[in-house]
Amino acid sequence: MGGRWKLPILIRLSDGKKRFGELKRIIPNITERMLTLQLRELERDGLVIRTVYHEVPPRVEYELTPVSSALIPICLQLDEWGAKHKDVHLGISSTLIP
């Protein structure tokens, strides 16, 4: 689950279904193209359900699958960890990068 935007998308969907425009509005600095690409990948990976309502104008909603709902506590912990360590310089001492 790589990509800068996937965790923020999943976290924003954790409180219920959202339309594309809602996601765009509540995720600062994401472009429409990137949001589209990330949502497609999340749907392909079985983490997001895309529901199309055949009405005029067409309406599309995104929501979490049961699998991704189980990931939300982990995503929130990662978000908290990232906020706590965002100022750490990556090159100083990493045991994960040779």
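## Aromatic rings

Looking for aromatic pairs here? A search through the whole structure turns up zero of them; to pair, rings of Phe, Tyr and Trp (its six-membered ring) need centres within 6.5 Å. This is a predicted model, where local features need pLDDT of at least 70, side-chain atom pairs count only at pLDDT 80 or more, and totals for chains, interfaces and linings use all residues. Residues are numbered from 1 along each chain as its sequence is written, and side-chain values use heavy atoms, with hydrogens and water left out.

Tyr53 does have a charge for company: Arg59 lies over its face, 3.8 Å from the ring centre. That label asks for NZ of Lys or CZ of Arg within 6 Å of the ring centre and within 35 degrees of the ring normal.

## The sheet

Arg59 in strand 3 is also the bridge partner of Tyr53. Strand 2 (residues 48-53) and strand 3 (residues 59-64) run antiparallel over six bridges, and a hairpin of five residues joins them. Pairing takes at least two DSSP bridges; strands are DSSP runs of E, at least two residues, and helices are runs of H or I, at least four.

The open sheet has three strands in the order 1-3-2, paired antiparallel. Strand 1 (18-19) and strand 2 sit at the edges, each pairing on one side only.

## Helix 1 against helix 3

Lys6, Ile9 and Leu10 of helix 1 meet Leu35, Gln38, Leu39, Glu41 and Leu42 of helix 3, with contact meaning heavy atoms within 4.5 Å. By class, that contact has five nonpolar, one polar and two charged residues.

Note on methods:
Ala, Val, Leu, Ile, Met, Phe, Trp, Tyr, Cys and Pro count as nonpolar, Asp, Glu, Lys and Arg as charged, and the others, Gly among them, as polar. Rings of Phe, Tyr and Trp (its six-membered ring) pair if their centres lie within 6.5 Å; planes under 30 degrees apart count as stacked, over 60 as edge-to-face and the rest as tilted.
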